[in-house]
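Got the viewer open? Let's take a walk through this model, one selection after another.

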Amino acid sequence: MTTKPAIQTSSTSEHIPVTVITTCYGRNRHLYNLLSSLMHGSIKPEEVIIVNDDADPARLADFDLNIVQIATTANVSANNLSDTSTKTAFDIGHNRNLGAAHATHDVLIFLDVDCIVAPTFIERLSAKLQKQSKALLMGQPRYLTRPLSETESVDLQSGTLTPTCLNQLSVYNPYRDNFDDAESNPAITSQAAVKQTATKKTEDYGAFWSLCFAITREQFDKIGGFDTQYTGYGAEDTDFAFTARQLNIDFYLTADVVYHQQHSVYRPPLNHLDSIVINANRFYRKWQCWPMSGWLLPFADMGLIHWQAEQSTPIVSIRQPTPDETEQAHCPDAPYV
């Protein structure tokens, strides 16, 4: 269904032929913050697709955006867009493919529901993709160190929560390749022109993260979308990037910022142990290398799995973590895993 805006904001943003795709279930507070940031961007996307969304359509009507809600039971392909999958569980790869299949526009920007976009994110990233239409582009995450307060969410929806405030509330992930603040926030030379942020081509396709990326429909279809043989959490985005590399699709990191909304995590992610093992085994069968070694190693050290970095046989699960181990791994206030 398409949700028509019930209100008009004071924003004078132009619209651009871009489809933003996100997936959501049970994360509606994050979703509303994402929509607020899209509504007040320097340029608005002409279409926002929410897949597997349980939000109240009346609440979505508060946002001056063309919002399309799609249920996961829609008859589209789960992978190559050629069958009639009717998967109903929350499957992020399947849902992203579903959003792409329904997109009106050729420029696709995928955002996790816990993103808040910087005001110029859509404008800058889509402009880069217009110049590098055969490439895969990824934005620059910053991580909020706490959830936004109710007042801050209201300010975000009204367009009065500034990037300066969000920058002060957020940090970079030190384990990732980051641009510096000057590269992410170049001076705006005039009201009519937004200076482009930095861009860096990389051969490190393992650095791709599907939190915030842009690609044309042609290249997404060339990759075949996300491989839906992965289940639950882990490796599906690295697989997507490895397929892009195999097809000689260039990969660029960009300094265009999204703010990742804080939520609790597990270090290591014991809550995703089973799916990480399943997905790591599938990934190795496909690519002959191990993904997520930074998580597999602590799992092995804890005696949860049989795994070594040099092995070529499937990972074998030994036991489940105890409730006490899971509790010790829980980090309620961590900004990133």
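Start by selecting strands β7 (residues 136-144) and β10: they pair in the antiparallel sense, over 2 bridges. Keep in mind that you're looking at a predicted model. To find your bearings in this pair, click M138, which stands opposite F213 in β10.

Next, add strand β5 (residues 107-111). How many bridges join β5 to β10? There are 5, and these two strands also run antiparallel. Click L108 in β5 and look across to β10, where its bridge partner is I215.

Now hide the neighbours and keep β10 alone, residues 212-216. Is this strand mostly covered or mostly open? It's mostly covered, with 5 of its 5 residues buried. In a regular strand the side chains alternate between the two faces of the sheet. Colour C212, A214 and T216 for one side of β10, then F213 and I215 for the other; every one of them is buried, so both faces are covered.

Bring everything back and select L111, at the end of the range 107-111 that makes up β5. Setting aside neighbours within four places in sequence, L111 is in contact with a long list of residues, including V20, I21, L34, F121, L211, C212 and V258. L111 is also one of the residues with the most contacts inside the largest nonpolar core, alongside L35, L38 and I305. That core has 87 residues. Who gives the most to this core? Helix α10 (residues 273-287) does, with 7 residues. Apart from the 87-residue core lies another one, of 11 residues; to find this other core, pick I116, L144, L156 and L161, which are among its members. In soluble globular proteins, nonpolar side chains tend to be buried together.

Stay with α10 and click R282, which sits in this helix. Its relative accessible area is 21%, so R282 counts as partly exposed rather than buried, a label that needs a value under 20%. Leaving out residues up to four places away in sequence, R282 touches D227, Q229 and Y230. Try a distance from R282 to T231, too: they're 51 residues apart along the chain, yet their C-alpha atoms are separated by 9.9 Å.

Last stop: add helix α9 (residues 236-246). The axes of α9 and α10 come within 11 Å and cross at roughly 10°, so the two helices are roughly parallel to each other. Zoom in where T238, D239, F242, T243 and Q246 in α9 meet F283, K286 and W287 in α10. Colour this contact by class and you'll see 3 nonpolar, 3 polar and 2 charged residues.

Notes:
Residues numbered from 1 in each chain as written. Predicted model: local features only at pLDDT ≥ 70, side-chain atom pairs only at ≥ 80, totals over all residues. Heavy atoms only, no water. Core = buried A, V, L, I, M, F, W, Y, C linked by side-chain atoms within 4.5 Å. Buried < 20%, exposed > 50% of the residue type's maximum accessible area, 1.4 Å probe, protein only. Helix = DSSP H or I, 4+ residues; strand = E, 2+ residues; numbered from the N terminus. Contact = heavy atoms within 4.5 Å. Pairing = 2+ DSSP bridges. Axes fitted to C-alpha atoms, helices over the stretch in contact; angles between N-to-C directions. Parallel < 35°, antiparallel > 145°, perpendicular 65-115°, else oblique. Nonpolar A, V, L, I, M, F, W, Y, C, P; charged D, E, K, R; others polar.
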